[in-house]
Amino acid sequence: MSGILASMIDGLLIGSVYGLAAMGLSLIWGVMDVINLTHGSVIALGMFGMYILFAAFPVNAYFLLLPILAAGLLLGLVIYWISVHWVIGRSQLSSLLSTFAVNMMIIGIGTAIWSTSPYNVNFTLRGFTVGAYTFTGNHIAAATAAVIIALALELFLYRTRPGKAIRAVADNREAAELMGISSTMVLALAFAIGIALAASSGALVSTLFPFTILSGAGYQMKSFVVTVLAGLGKPLGALAAGVLLGLLEGAVTPFIAVSWIPLIEFGLFVVVLVAFPKGIFTRATA
Amino acid sequence: MILRRPVFWLILIFAALMAFIPFHANDVSMREDLILVALAVILASNLNLMIGYTGYVNFGHIVFYGLGGYVGLYLATVRNWNLVLAALAAGLVVSLFALALGMGILRLRGAYFALATIGVLLAVQSFVANFDPWGRSTGMYVDFSAYQRLGGARHALWMTYFLVIGVMALSMILSLGIKISKFGLGLFAIREDEDAAVVLGVNTTVFKAIIYSVSAFLPAVAGALMFYKNGMIDPSIAFEFMLSLEGIVMLMLGGKGTVVGAALGGGLYEKLRSYLLTSPKLSNFQLVIAGALLLLVVLFAPGGLIGWLYRLVPRARKVIE
């Protein structure tokens with residue numbers, strides 16, 4: 001019994017990292033109605049960003065999140081100008097395909113540089129032991145960092161002028177423009193924040209598990225699952241749904257073979273998508 | 001009438017040439033090149049039914065090809081069915097699966113549907129990788145004696161080649177047939193404005209589920225033939241996400257919504273890919289180039305090559321559909 005509990009606590013910690021990744025996707029989706037298919041490759045870039053930075057500056061890996069967040073913001077602006085800016089207002093198909101094209105390019109360049117062999121960030125924090133179970137310091141630190149970033153985003157969106165502008169544009173772009181908000185600037189900012197969140201979640205994952213340039217795809221799918229569970233444009237909801245997914249993974253892991261987990265997750269994803277298109281936290285309205 | 005359409009005859013001539021030239025020259029390497037081109041055309045044409053005609057992006061189109069391969073190989077090797085029969089049965093089974101699935105996930109619109117198709121692909125892949133009768137993650141092999149029944153491996157390979165060319169021609173004819181039918185008009189209405197289509201009396205749920213199922217049939221048949229020819233199948237090659245995505249690139253490149261565009265994009269992209277893969281300098285950058293190509297087409301030429309041709313020569317619309 002305590003085995004399940006330990007596994008669930010571990011799931012909860014990892015789940016908050018899933019939640020952080022999903023927040024990035026959810027923010028972009030909610031604000032500009034763009035499904036950002038570069039999400040997975042940016043998560044992978046975050047992992048390799050952490051790998052490179054940690055190799056250059058072997059300090060506490062969690063301090064390195066700050067430069068990664070900053071680099072993520074810049075990368076987000078670049079990706080926005082390359083692929084999203086031109087298709088805002090066109091059909092969703094266009095942005096789906098254009099972000100996907102950038103995804104292919106990032107993965108292609110990444111494969112050429114790092115091949116598809118696994119890497120890891122060799123950094124461990126000491127954890128603590130309860131009975132037969134050990135909770136590693138990395139899991140706890142990563143979960144804490146994810147929650148702090150999530151709260152910071154929530155504060156930014158609700159307490160600062162640019163954050164309020166983002167929410168205004170998400171609600172009604174035309175009305176926001178009439179109020180003097182430059183929607184292009186706001187969209188670019190929101191996209192950059194979304195990408196920075198994805199990169200930072202990748203950086204956190206890299207301190208937990210080994211990774212390859214293709215690892216991002218799995219986390220992208222998890223982000224979709226979480227976003228769809230939470231409903232759009234609810235950052236804290238995404239965090240909660242991420243934790244829920246982590247708990248679920250933790251709860252089933254002791255009972256079934258690991259190879260079945262993708263089937264459960266993606267099956268759940270399709271079912272939730274069909275049954276609750278507005279997320280499980282929203283009451284269905286007719 | 002489909003027989004009055006010049007494109008119909010062009011398709012037949014094109015397919016006949018593709019079948020005849022390598023056979024006449026007895027050129028095996030040309031045959032292997034062309035079978036990949038034919039496969040690309042099959043995938044792009046059938047994907048076109050969803051993306052180009054109905055306006056629904058299917059990221060997981062390859063799931064039909066892979067499942068077809070599995071069902072076909074299972075029937076042909078474990079159950080010892082005749083190859084053609086096994087391939088047709090595979091097509092039928094996969095179409096029915098798609099119909100049932102489509103009834104569920106086609107309630108989703110636009111991007112939500114696109115996401116669900118990724119989920120379906122990954123769920124099916126992980127199911128097959130755990131499914132005992134189909135060899136789990138190691139997959140299945142075709143016993144060499146299976147080729148003997150078709151008159152030896154050499155003969156069997158040429159036969160599958162002709163069959164794949166036939167499936168390619170059928171794919172294009174199917175696209176043309178749907179395009180000029182009333183059913184096709186219903187699909188175009190859904191693409192342009194689904195709510196308006198409902199108001200005008202198009203039963204959108206049924207139309208969408210049918211086209212989803214139809215777009216599964218020929219890729220599944222092709223999957224059964226191709227994997228039989230290759231002699232083996234496993235979950236990672238059967239459900240290769242990359243190939244699914246490249247199908248979209250092919251379609252956008254040639255011009256979505258047109259019969260010739262889908263085929264043209266498929267053929268050109270396949271040629272480009274084999275060139276990139278064999279060139280020593282560029283082999284690492286295949287994805288980058290494909291991505292850049294897709295981005296340029298999406299941003300600057302949403303109509304693809306055929307759309308560009310239409311703008312250049314407006315009268316071409318009448319002949320090249």
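This report describes a predicted model of two protein chains, A and B.

## The two chains

Chain A has 11 helices and two strands. Read from the N terminus, its elements run α-α-α-α-β-β-α-α-α-α-α-α-α. The two strands thus follow helix 4 in that order. Chain B comes to 16 helices and two strands. Its radius of gyration is 19 Å, close to the 20 Å that the globule rule gives for 321 residues, so chain B is as compact as a globular protein of that length. Chain A passes the corresponding check: a compact globule of 286 residues would have a radius of gyration near 19 Å, and chain A has 19 Å, which agrees.

The table sets out the overall values for each chain.

| Chain | Residues buried | Box or span of C-alpha atoms along the principal axes | Share of contacts (separation of 6 or more) from residues 24 or more positions apart |
|---|---|---|---|
| Chain A | 50% of 286 residues | roughly 60 × 50 × 35 Å | 77% |
| Chain B | 51% of 321 residues | about 55 × 45 × 45 Å | 77% |

## Where the chains meet

The contact takes 32 residues from chain A and 34 residues from chain B. On the chain A side, three helices each supply at least two residues: helix 4 (92-114), helix 9 (216-230) and helix 11 (261-275). Helix 4 of chain A gives the most, with 15 residues. By class, this side of chain A has 24 nonpolar residues and eight polar ones. It has no charged residues.

## The nonpolar core

The largest nonpolar core holds 205 residues. Its members include residues of chain A and chain B. Those that touch the most other members are A:Ala190, B:Ala38, B:Val164 and B:Ala224. Take B:Val164. Leaving aside residues up to four places away in sequence, B:Val164 touches B:Ile35, B:Ala38 and B:Leu39. B:Val164 also touches B:Ala222, B:Leu225 and B:Met226. B:Ala38 therefore appears twice: it is one of the residues that touch the most other core members, and it is a contact of B:Val164.

## Helix 1 of chain B

Helix 1 of chain B covers residues 6-25. At 1.5 Å a residue, its 20 residues should span 28 Å. Its end C-alpha atoms are 28 Å apart, which agrees.

Which residues of helix 1 of chain B are buried? They are B:Val7, B:Ile11, B:Ala15, B:Met18, B:Ala19 and B:Pro22. These residues cover an arc of only 110° around the axis, which puts them on the same side of helix 1 of chain B. An α-helix has 3.6 residues a turn, so residues three or four places apart point the same way. The cover over the buried residues includes helix 2 (28-54), helix 7 (153-179) and helix 13 (259-278) of chain B.

The face turned away from this buried side carries exposed residues. Among them are B:Trp9, B:Ile13, B:Leu17, B:Phe20 and B:His24.

Both sides of the helix in sequence have a point to note. B:Asn26 follows helix 1 of chain B, and its phi is positive, near 50°. B:Arg5 lies in the segment before helix 1 of chain B. B:Arg5 has 18 C-beta neighbours inside 10 Å, so it counts as partly exposed. Not counting residues up to four places away in sequence, B:Arg5 touches B:Leu176 and B:Glu321. B:Arg5 and B:Leu176 are 171 residues apart along the chain, yet their C-alpha atoms are separated by 9.0 Å.

## Helix 3 of chain B

Helix 3 of chain B covers residues 62-78. Its 17 residues should span 24 Å at 1.5 Å a residue. The end C-alpha atoms are 23 Å apart, which agrees. How many of its 17 residues are buried? The count is 15, and helix 3 of chain B is mostly covered. Just after helix 3 of chain B, B:Asn80 takes a positive phi of about 55°.

## An exposed loop residue in chain A

A:Phe57 sits in the loop between helix 2 (39-56) and helix 3 (65-84) of chain A. Is A:Phe57 buried or exposed? With 12 C-beta neighbours inside 10 Å, A:Phe57 counts as exposed. A:Gly76 is 19 residues from A:Phe57 along the chain, and the C-alpha atoms of the two are separated by 24 Å.

Note on methods:
Residues numbered from 1 in each chain as written. Chains lettered and ligands numbered in written order. Predicted model: local features only at pLDDT ≥ 70, side-chain atom pairs only at ≥ 80, totals over all residues. Contact = placed C-beta atoms within 7 Å. Helix = DSSP H or I, 4+ residues; strand = E, 2+ residues; numbered from the N terminus. Nonpolar A, V, L, I, M, F, W, Y, C, P; charged D, E, K, R; others polar. Expected span 1.5 Å × (residues − 1). Buried ≥ 20, exposed ≤ 12 C-beta atoms within 10 Å, placed from the backbone. Arc of directions from axis to C-beta. Rg over C-alpha atoms; globule rule 2.2 N^0.38 Å. Core = buried A, V, L, I, M, F, W, Y, C linked by C-beta atoms within 7 Å.
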